[in-house]
Amino acid sequence: DKTSSLRATQLVLELRKLGWNARIAVPDSNWNREIGQLSGLEPEYFNPRLRAFVGSVRTIIKKISPHFIHLLNPKEKGAILAISFPQFRFVFDWEDWSTFWESRRVAKWYKQRRESWLVKRASLVVTASQWLQDYIHTQFGRKPLYLPYACMPTPDRKSTRLNSSHSSVS
C-alpha cells in the first residue's frame with residue numbers, strides 16, 4: 001500500500017532525527033523499492049506472499065535484532081507475526097479507518113475479535129486520526145497514542161524521552 005509505506009518511511013526518518021537506530025522493512029514491490037531509493041533509507045524487503053511471509057520477516061528480524069516491531073494497519077499478517085514472535089514488543093499503528101468497517105455479519109464478528117486481540121497484544125497502540133483514537137478507546141477500552149499522519153513530536157518537547165540505543169522495524 002503506497003500510503004502505508006510512505007507513513008513508515010516518514011516515521012523512520014523522524015525517529016532517526018531523534019537519534020534512534022530505526023529501520024524499515026516493507027513488502028517487496030516496485031513502488032517500495034522506488035520510495036526506498038528516494039528516501040535513502042535502504043529498507044529491508046520481505047516477501048509478502050503468505051507462504052513466504054513469516055520466514056522472510058524472521059530473516060530480517062535476526063539481522064536487525066529490533067527492540068520492538070512497528071506494524072501499520074495490522075490485520076492477519078500482523079496477528080501472524082505477533083503469534084510467531086511472542087518475545088517481541090509490538091507497536092500497532094492504525095491509519096486507515098476502513099480497517100474497522102465491515103457490514104457482513106460474520107466478517108464483522110471476525111474483525112472485531114481480531115482487532116480486540118491485536119489491541120490487547122500491542123505494547124503501544126497508535127492512531128493517525130482522532131476518530132480512530134476515540135473508536136479504539138470506545139470499542140476496546142484502550143486509549144491509543146494519537147500521532148497525526150506523517151508527523152512526529154519535536155525533539156525539544158520535555159515529554160519526548162527517547163533512548164538512541166533503541167532500534168525498530170517499521
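pLDDT is the predictor's confidence in each residue, on a scale from 0 to 100. The exercises below concern a predicted model.

**Exercise 1. Confidence and overall architecture**

Task: State what average pLDDT the protein has, and determine which pattern of helices and strands it follows along the sequence.

Solution.
Step 1. The average pLDDT of the protein is 82, and 84% of the residues score at least 70.
Step 2. Residues 157-168 have a pLDDT below 50, and this stretch has 24 contacts in the model beyond near neighbours in sequence. Where pLDDT is low, the predicted coordinates should not be read in detail.
Step 3. The secondary structure consists of six helices and eight strands. Their order along the sequence is α-β-β-α-β-α-β-α-β-α-β-α-β-β.
Step 4. The protein has 170 residues, of which 44% count as buried. Among contacts with a separation of 6 or more, 54% involve residues 24 or more positions apart.

**Exercise 2. Strands 4 to 7**

Task: Determine in which sense strand 4 and strand 5 pair, and which handedness the crossover from strand 6 to strand 7 has.

Solution.
Step 1. Begin with strand 4, residues 68-72, where five of the five residues are buried. Phe68, His70 and Leu72 point one way from this strand, whereas Ile69 and Leu71 point the other way. Residues on both sides of strand 4 are thus listed as buried.
Step 2. Strand 4 pairs with strand 5 in the parallel sense, over five bridges. Within this pairing, leucine 71 stands opposite phenylalanine 92. The two strands and helix 4 (residues 76-84) form a right-handed β-α-β unit.
Step 3. Strand 5 (residues 89-94) also pairs with strand 6 (residues 124-127), in the parallel sense and over four bridges. Here phenylalanine 92 stands opposite valine 125.
Step 4. Strand 6 in turn pairs with strand 7 (residues 145-146) in the parallel sense, over two bridges. The bridge partner of valine 126 in strand 7 is leucine 145. Between these strands the chain passes through helix 6 (residues 130-140), and the β-α-β crossover is right-handed.

**Exercise 3. Aromatic pairs in helix 6**

Task: Classify the ring pair of tryptophan 131 and tyrosine 135 as stacked or edge-to-face, and do likewise for the pair of tyrosine 135 and phenylalanine 140.

Solution.
Step 1. A pair of aromatic rings is described by the distance of the centres and the angle of the planes. The protein contains seven aromatic pairs.
Step 2. For tryptophan 131 and tyrosine 135 the ring centres are 5.3 Å apart and the planes lie at 10 degrees, so this pair is stacked. The cut-off applied is an angle under 30 degrees.
Step 3. Tryptophan 131 and tyrosine 135 are four residues apart in helix 6, and so about one helical turn separates them. Tryptophan 131 is partly exposed, with 47% relative accessibility, whereas tyrosine 135 is buried, with 19%.
Step 4. For tyrosine 135 and phenylalanine 140 the centres are 6.4 Å apart and the planes lie at 80 degrees; the pair is therefore edge-to-face. Both of these residues are buried.
Step 5. Elsewhere, ring pairs join Phe90, Phe92 and Trp94 into a cluster.

**Exercise 4. Charges over rings, and a buried serine**

Task: Identify which residue lies over the face of tyrosine 45, and decide whether serine 56 is buried or exposed.

Solution.
Step 1. Arginine 33 lies over the face of tyrosine 45, at 4.0 Å from the ring centre. In a second case, lysine 77 lies over the face of phenylalanine 53, at 5.1 Å from the ring centre.
Step 2. Serine 56 belongs to helix 3 (residues 50-64). Its relative accessibility is 17%, so serine 56 counts as buried.
Step 3. Leaving aside residues up to four places away in sequence, serine 56 touches Tyr45, Phe46 and Asn47.

**Exercise 5. Positive phi in loops**

Task: Locate glutamate 42 and serine 65, and state what phi value each has.

Solution.
Step 1. Glutamate 42 is in the loop between helix 2 (30-39) and strand 3 (44-46). Although not a glycine, glutamate 42 has a positive phi of about 50 degrees. With 63% relative accessibility, glutamate 42 counts as exposed.
Step 2. Serine 65 lies in the loop between helix 3 and strand 4. The phi of serine 65 is positive, near 50 degrees, and this residue too is other than glycine. With 47% relative accessibility, serine 65 counts as partly exposed.

Definitions and conventions. Residues are numbered from 1 along each chain as its sequence is written. This is a predicted model: local features need pLDDT of at least 70, side-chain atom pairs count only at pLDDT 80 or more; totals for chains, interfaces and linings use all residues. Side-chain values use heavy atoms; hydrogens and water are left out. Contact means heavy atoms within 4.5 Å. Two strands pair if DSSP finds at least two bridges between them. A crossover is right-handed if, with the strands pointing away from the viewer, the path from the first strand over the helix to the second runs clockwise. Rings of Phe, Tyr and Trp (its six-membered ring) pair if their centres lie within 6.5 Å; planes under 30 degrees apart count as stacked, over 60 as edge-to-face and the rest as tilted. Buried means under 20% relative accessible area, exposed over 50%, partly exposed in between (1.4 Å probe, protein chains only). A charge sits over a ring if NZ of Lys or CZ of Arg is within 6 Å of the ring centre and within 35 degrees of the ring normal.
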